[in-house]
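This report follows one chain from its overall fold to its aromatic contacts and its nonpolar core. The sequence and the structure come next.

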Amino acid sequence: MEQFFKELEDALKGEVSEYEYTDSMTYYRDYFREQMSMGKSEDEVIKQLGSPRLIAKSIIDARGSEEESGRSGYYDNTTDSGDNNTNPVSYGQNTIMKKLGGILTIILILLLVGFVLRAVLPLILIIVPVLLIVRLFRGE
C-alpha cells in the first residue's frame with residue numbers, strides 16, 4: 001500500500017496545487033481504510049484502483065480541463081483494467097452544489113404547486129357546483 005501512495009505522491013507532486021495534492025492523498029487513504037474495513041485486502045484494493053500513475057494522470061488532466069473551463073472539482077478516474085471497475089470518484093464542491101441546487105429546485109417546485117393548488121382548489125369547489133346548478137336551471 002505504501003508503494004501505491006509513494007507512486008501517487010511522486011506523480012502528483014509539482015503537478016497539482018498543494019490543496020489538490022492533499023485532498024487526493026487524503027481521499028485515497030480514506031478509500032483504502034474504508035475498503036479494508038469492509039474485508040478487502042490491500043492487493044484487492046490496489047487492483048480495483050489500478051495504476052497510481054494513471055490515477056495521478058487523470059487528476060492532472062481533470063485539473064487542466066477545469067482550468068480551461070473555469071470549473072472546480074474532480075471527475076471520474078477510470079482504468080482500462082479489463083474488469084470494468086472504475087476508480088472511486090472524488091466529488092468536488094461543484095458536484096455537491098449541483099446536487100443541492102437540484103434538491104432545492106424540486107422543493108421550490110413542490111411548494112409552488114402546493115400554493116397554486118391551495119389557491120385554486122377552493123375556487124374549483126365553488127365554481128363546479130355553481131355551474132351544475134346553472135345547467136340544471138337552463139335544462140341542459
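## Contacts and overall fold

Among the contacts that join residues at least 6 apart in sequence, 54% bring together residues at least 24 apart. This is a predicted model, and its chain has five helices and zero strands, so that the elements, read along the sequence, give the pattern α-α-α-α-α. The chain has 140 residues, of which 26% count as buried, and it exposes about 10,000 Å², with carbon and sulfur atoms supplying 62% of that area.

## Confidence

The mean pLDDT of the chain is 79, and 76% of the residues reach 70 or more. Confidence is highest in helix 2 (residues 18-37), with a mean of 90, and lowest in helix 4 (residues 52-69), with a mean of 75. Over residues 71-91 the pLDDT is below 50, although this stretch still has 46 contacts in the model beyond near neighbours in sequence.

## Aromatic pairs and charges over rings

The structure holds five aromatic pairs. One of them is formed by Phe-5 and Phe-32, whose rings lie 5.1 Å apart, centre to centre, in a tilted arrangement with 55° between the planes. This pair links distant parts of the chain, since Phe-5 belongs to helix 1 (residues 2-12) and Phe-32 to helix 2, 27 residues apart. Both Phe-5 and Phe-32 are buried, and together with Phe-4 they form one aromatic cluster.

Tyr-27 and Tyr-28 make up an edge-to-face pair, with 5.1 Å from centre to centre and 90° between the planes. How buried or exposed is each of these two tyrosines? Tyr-28 has a relative accessible area of 1% and is therefore buried, whereas Tyr-27, at 21%, is partly exposed because buried means under 20%.

Charged side chains also meet aromatic rings in this model, as two cases show. The charged end of Arg-29 sits over the ring of Phe-5, 4.1 Å from the ring centre, and the charged end of Lys-13 sits over the ring of Tyr-21, at 4.2 Å from the centre of that ring.

## The nonpolar core

In soluble globular proteins, nonpolar side chains tend to be buried together. In this chain the largest nonpolar core has 17 residues, and those with the most contacts inside it are Phe-4, Phe-5, Leu-8, Leu-12, Tyr-28, Leu-49 and Ile-55. Helix 1, helix 2, helix 3 (42-49) and helix 4 each supply at least two residues of this core.

Phe-4, one of the residues with the most contacts inside the core, touches Phe-32, Ile-46, Leu-49, Gly-50, Pro-52 and Ile-55 once its neighbours within four places in sequence are left aside.

## Ile-46 beside the core

Ile-46 has its place in helix 3, and, leaving aside neighbours within four places in sequence, it is in contact with Met-1, Phe-4 and Phe-32. Although Ile-46 and Phe-4 are 42 residues apart along the chain, their C-alpha atoms are separated by 7.5 Å.

Why does Ile-46, with a relative accessible area of 25%, count as partly exposed? Buried means under 20% and exposed means over 50%, so the 25% of Ile-46 places this residue in the class in between. A nonpolar core is a set of buried residues, and Ile-46 is therefore not counted in one, being partly exposed.

Conventions: Residues numbered from 1 in each chain as written. Predicted model: local features only at pLDDT ≥ 70, side-chain atom pairs only at ≥ 80, totals over all residues. Heavy atoms only, no water. pLDDT = per-residue confidence, 0-100. Helix = DSSP H or I, 4+ residues; strand = E, 2+ residues; numbered from the N terminus. Contact = heavy atoms within 4.5 Å. Phe/Tyr/Trp six-rings, centres within 6.5 Å; stacked < 30°, edge-to-face > 60°. Buried < 20%, exposed > 50% of the residue type's maximum accessible area, 1.4 Å probe, protein only. Lys NZ or Arg CZ within 6 Å of the ring centre and 35° of its normal. Core = buried A, V, L, I, M, F, W, Y, C linked by side-chain atoms within 4.5 Å. Areas by Shrake-Rupley, 256 points an atom, 1.4 Å probe, with all protein chains shown as cover.
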